[in-house]
Amino acid sequence: VSKGIGSAVYLAQFFVAEAVNNGGTAVDATAGNGNDTLFLARLVGEGGKVYAFDTQAKALQITQELLKNNGCMERVELLQAGHEKMRKLVPGPVDAVMFNLGYLPGGDHSIVTQPLTTLKALGAALELLRTGGRIGLVIYTGHPGGREEAETVEKFISSLNADIFKVIKISFVNRAANAPVVIVIEKDGA
Ligand code: SAM
């Protein structure tokens with residue numbers, strides 16, 4: 001993952017990292033090429049647990065390979081399932097949930113995350129989150145359907161109770177209008 005504030009993935013990881021405890025539990029809602037799964041697996045450590053979702057077998061194979069090469073496979077459960085099933089498949093509470101929406105880089109660009117399932121998964125993630133836990137989302141708008149998905153997510157997070165959920169949005173001010181956006185949600189720790 002490229003470092004620095006020009007990378008949406010770096011930014012999402014930066015804000016999520018603080019919430020993930022050694023020995024804790026985290027969820028990668030969109031495993032893809034496995035970068036966020038590995039990131040979370042390193043943070044939870046040997047005694048922790050990461051649940052990684054993807055609907056594509058290809059993505060999970062790539063993720064598995066990456067985890068094996070880095071000695072982190074034992075602490076990760078790979079789930080070939082839609083993240084909208086998260087509430088049933090993940091025992092809470094969890095420290096963090098990461099979403100990197102859109103299509104699998106290097107894969108089939110027609111298989112993309114969808115507004116309604118993303119919303120369902122996000123709702124489940126908010127429920128699963130422990131107090132003080134964080135959700136990180138990277139949202140892309142350059143592909144077909146991306147703008148609608150971003151609008152659906154932003155409408156939903158705008159309606160969250162501000163006493164319970166702190167929500168921030170980071171956008172790249174001097175880049176193209178379809179540059180990615182990062183959202184971070186924290187469940188109130190007070
Ligand atoms: N975080 C990944 C990485 O580090 O490489 C990139 C994720 S990629 C942008 C988005 C992934 O979401 C794709 O691999 C796609 O198959 C997956 N996806 C699409 N719909 C999904 C769903 N309903 N549940 C879980 N994953 C889904």
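Here are four short exercises, with worked solutions, on the predicted model above.

**Exercise 1: the sheet**

Work out the strand order of the open sheet, then find its edge strands.

*Solution.* Start with the order: the 7 strands run β3-β2-β1-β4-β5-β7-β6, and the pairing is mixed. Next, look for strands that pair on one side only; these edge strands are β3 (76-80) and β6 (165-171). As for twist, neighbouring strands are turned by 15° against each other on average, if you ignore direction.

**Exercise 2: a walk across the strands**

Begin at N100 and follow the bridge partners through β5 into β7. Which way do the strands run along the route?

*Solution.* Step one: β4 (residues 94-100) pairs with β5 (residues 129-139) in the parallel sense, over 6 bridges. Here N100 has V138 of β5 as its bridge partner. Step two: hop from β5 to β7, two strands that run antiparallel and are joined by 6 bridges. V138 takes you to V182 in β7. Step three: carry on to β6, which pairs with β7 in the antiparallel sense over 7 bridges. V182 is also the bridge partner of I170.

Now for the surroundings of β7: why call this strand largely enclosed by the rest of the structure? Count its buried residues: 6 of the 7 qualify, so the strand is largely enclosed.

**Exercise 3: helices and a buried leucine**

Place α3 and α6 against the sheet, then decide whether L122 is buried or exposed.

*Solution.* Take α3 (residues 57-69) to begin with: this helix lies across β2 and β3, running at about 170° to β3. Then α6 (residues 146-158) packs on the sheet, where it touches β5, β6 and β7 (181-187), and its direction makes about 155° with that of β5.

On to L122, which sits in α5 (residues 115-128). The cut-off for buried is 20 or more other C-beta atoms within 10 Å. L122 has 25, so this residue is buried. Setting aside neighbours within four places in sequence, its contacts are V153 and F156. One more pair to check is L122 and A29: they are 93 residues apart in sequence, but their C-alpha atoms are 9.2 Å apart in space.

**Exercise 4: around the ligand**

Which residues come nearest the ligand, and what classes make up the shell?

*Solution.* There are 21 residues around the ligand, and G32, N33, N35, G82 and N100 come nearest. Sorting by element, α2 (35-44) and β2 (49-54) are the ones that give two or more residues to this shell. Sorting by class, you get 13 polar, 5 nonpolar and 3 charged residues.

Terms used
Residues numbered from 1 in each chain as written. Predicted model: local features only at pLDDT ≥ 70, side-chain atom pairs only at ≥ 80, totals over all residues. Near = placed C-beta within 6 Å. Helix = DSSP H or I, 4+ residues; strand = E, 2+ residues; numbered from the N terminus. Nonpolar A, V, L, I, M, F, W, Y, C, P; charged D, E, K, R; others polar. Pairing = 2+ DSSP bridges. Axes fitted to C-alpha atoms, helices over the stretch in contact; angles between N-to-C directions. Contact = placed C-beta atoms within 7 Å. Buried ≥ 20, exposed ≤ 12 C-beta atoms within 10 Å, placed from the backbone.
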